[in-house]
Amino acid sequence: MKQILLLLSCAITIGCSNNPHTFILSDKKENKYFVAESIHRAFEEDLIEKSPLIVINGVPFRYNKKQDTILLPLKKSDIISLDFLNKNSSRIIYNEKENNGAVIIMAKNKTK
């Protein structure tokens, strides 16, 4: 039984490794996956590859690319626009060799 569970977990891990990461907003349950859905659509349309660079208001958002789930410090209501750059364009602009495309997020500035 343990061997079957081990084989099954390995198959799931290997099978899921080709998918992009899940990016979750710090928002209500119905809005949490707003960015993730857009990123998955862009991934399926070959606009970006897995582990894209996330840029929020011009600043690259650093995250652990080995993690499956990345929490973005934004709410859906904070997002003004969401755009994508292909691998070549994002490498030229952000000068990162291991760049797999970029997700450009323009958000409202929070000033107090």
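E30 and K28 form a salt bridge in this predicted model, with 3.9 Å between the closest N and O atoms. Both residues of this pair are exposed. A search of the whole structure finds two salt bridges; the other partners are E49 and K87, whose closest N and O atoms are 3.0 Å apart. E49 belongs to the loop between α2 (34–44) and β2 (53–56), while K87 is part of helix α3 (residues 87–94), so this salt bridge ties together parts that are 38 residues apart in sequence. Side chains of opposite charge can pair when their charged atoms come close.

The table lists the two pairs.

| Salt bridge | Closest N and O atoms |
|---|---|
| E30 and K28 | 3.9 Å |
| E49 and K87 | 3.0 Å |

E49 has a relative accessibility of 35% and therefore counts as partly exposed. K87, at 26% relative accessibility, likewise counts as partly exposed.

The ends of helix α3 show further local features. At the N-terminal end, N86 acts as a cap: one of its side-chain oxygens lies 3.3 Å from the backbone nitrogen of N88. Following α3 is N95, which has a positive phi, near 55°.

The loop between α2 and β2 also holds S51. With a relative accessibility of 8%, S51 counts as buried, because the limit for that class is under 20%. When neighbours within four places in sequence are left aside, the residues in contact with S51 are H21, Y63, K65 and N100. The loop thus contains E49, a partner of K87 in α3, and the buried residue S51.

How values were computed: Residues numbered from 1 in each chain as written. Predicted model: local features only at pLDDT ≥ 70, side-chain atom pairs only at ≥ 80, totals over all residues. Heavy atoms only, no water. Salt bridge = Lys/Arg side-chain N within 4 Å of Asp/Glu carboxyl O. Buried < 20%, exposed > 50% of the residue type's maximum accessible area, 1.4 Å probe, protein only. Helix = DSSP H or I, 4+ residues; strand = E, 2+ residues; numbered from the N terminus. Polar contact = N/O pair within 3.5 Å; in protein donor to acceptor, adjacent residues only side chain to side chain. Contact = heavy atoms within 4.5 Å.
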